[in-house]
Amino acid sequence: DYKDIATPSRTKEILKKYGFSFKKSLGQNFLTEPNILRKIVAVADITGTTNVIEVGPGIGALTENLARAANQVLAYEIDGRLLEVLAETLAPYPNVTVLHEDVLKANLSKDATAVFSQNYPVKVVANLPYYITTPIMMRFLEADLEISEMIVMMQKEVAERITASPSTKAYGTLSIAVQYYMETEVAFIVPKTAFVPQPNVDSAILKLTKRAQPAVEVIDEAAFFRLTKASFQLRRKTLWNNLTHAYGKDEATVSWLEQSLEAAQIDRKRRGETLSLTEFAELSNKMIELKE
Ligand code: SAM
């Protein structure tokens with residue numbers, strides 16, 4: 001379809017018409033490959049009974065493809081210069097609402113209630129601004145808004161961290177935070193040549209599907225996440241070093257930590273990054289049970 005916003009020639013034409021200059025500080029790398037956009041929409045399985053939230057529509061390349069497939073699209077764009085561009089490029093799609101807002105400050109559930117006229121499942125689909133990938137991910141994971149799936153493009157290296165397994169270099173608190181709530185899968189890799197301007201690294205489309213229940217059963221989520229953070233603090237040290245560093249070295253704490261590790265059957269000489277989500281959950285739960 002030669003009229004697609006995302007063709008290199010139409011993108012160039014639009015940018016020229018508005019005298020638009022990219023802001024690197026806002027992570028502006030626009031997709032100019034219609035086939036990749038269609039693939040993203042296919043992976044996201046968007047239908048007439050899906051509502052979509054998009055972060056950073058840019059000049060509307062992905063938004064247009066979402067609008068064609070979805071019931072409604074709600075898009076947050078922080079760069080005011082793009083508002084008049086989007087008003088023109090997305091004029092044919094009345095089911096799109098663009099809000100001029102920082103997604104990290106937006107009231108997601110309030111906006112969704114105000115914009116979406118049908119109570120359909122909400123999916124987040126976005127080519128993320130890479131400088132704030134992790135805060136955006138955490139924001140949606142912790143939002144008081146039910147999100148069934150997230151299909152998001154990010155740096156390949158961050159996608160690898162999110163999907164990482166224990167005992168790999170990429171495994172860390174981000175892997176655990178996301179995997180706790182979502183099933184994760186790298187859908188496909190996107191070469192840097194698919195963007196203007198080209199980023200320095202390749203990108204990946206990640207498909208995250210909300211679990212019916214969190215991956216592991218924990219007594220206290222805050223305590224569980226505190227434990228995972230503590231365990232990765234000093235990366236080349238043992239779990240024991242990390243735990244005493246975070247929770248304290250006094251006699252009572254040392255004894256409590258020893259008992260908890262023993263009850264969870266975890267060797268204190270292991271490194272934090274070798275523990276699975278199940279082991280972290282087990283240890284966290286024992287720590288709470290033995291706290292009294
Ligand atoms: N969706 C377009 C595409 O695929 O071609 C543009 C993607 S570009 C990687 C990221 C977009 O996010 C830019 O349009 C940028 O202005 C916008 N953006 C950056 N920070 C943002 C924020 N905090 N809230 C909302 N949008 C933001």
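**Group meeting: a sheet, a helix and a ligand shell**

Okay, let's start in the middle of the sheet: S2 and S5 run parallel and are joined by three bridges. Strands count as paired here if DSSP finds at least two bridges between them. Strands are DSSP E runs of at least two residues, helices are H or I runs of at least four, and both are numbered from the N terminus.

Quick housekeeping. This is a predicted model, so local features need pLDDT of at least 70 and side-chain atom pairs count only at pLDDT 80 or more, while totals for chains, interfaces and linings use all residues. Residues are numbered from 1 along each chain as its sequence is written.

So, overall: 12 helices and nine strands in the chain, with a C-alpha trace spanning about 70 × 40 × 30 Å along its principal axes. Of the 292 residues, 36% are buried. Buried means 20 or more other C-beta atoms within 10 Å of the residue's own, exposed means 12 or fewer, and partly exposed is in between, with C-beta atoms placed from the backbone.

Back to the sheet. It's open, has seven strands in the order S4-S3-S2-S5-S6-S9-S7, and the pairing is mixed. S4 and S7 (182–190) are the edge strands, each with a single partner, so one side of each has no neighbour in the sheet. From one strand to the next, the twist averages 20°; that angle is taken between N-to-C directions, on a 0 to 180 degrees scale, with axes as lines fitted to C-alpha atoms.

Now S5 itself. On the S2 side, Val-52 has Lys-123 in S5 as its bridge partner. On the S6 side (residues 147–155), the pairing is parallel again, over six bridges, and Val-125 is matched with Ile-151 in S6. Why is S5 largely enclosed by the rest of the structure? Because six of its six residues are buried. One face has Val-122, Val-124 and Ala-126, the other has Lys-123, Val-125 and Asn-127, and both faces are covered. As a reminder, side chains in a regular strand alternate between the two faces of the sheet.

Over at the S4 end, S3 and S4 run parallel with five bridges, and Tyr-76 sits opposite Leu-99 in S4.

Next, H3. Seven of its nine residues are buried, so H3 too is largely enclosed. Among them are Leu-62, Glu-64 and Asn-65. The cover over those buried residues includes S1, H2, S2 (51–55), S3, S4 (96–100) and S5 (122–127).

H3 also turns up at the ligand. There are 22 residues around the ligand, and the closest are Phe-30, Gly-56, Gly-58, Asn-127 and Pro-129; the cut-off is a backbone-placed C-beta atom within 6 Å. S1 (30–31), H3 (61–69) and S3 (72–77) each give two or more residues to that shell.

One last residue: Val-43, in helix H2 (residues 34–44). Buried or partly exposed? Partly exposed, because 17 other C-beta atoms lie within 10 Å. Leaving out residues up to four places away in sequence, Val-43 touches Ile-151, Ala-187, Ile-205 and Lys-207, where contact means backbone-placed C-beta atoms within 7 Å. We've already met Ile-151, as the S6 bridge partner of Val-125.

And the record: an unreviewed UniProt entry annotates residues 36–212 as "domain: Ribosomal RNA adenine methylase transferase N-terminal". UniProt positions are in the numbering used here, feature names are shortened, and annotations may be inferred rather than shown by experiment. In the model, that span is 34% helix and 28% strand.

Key:
Contact = placed C-beta atoms within 7 Å.
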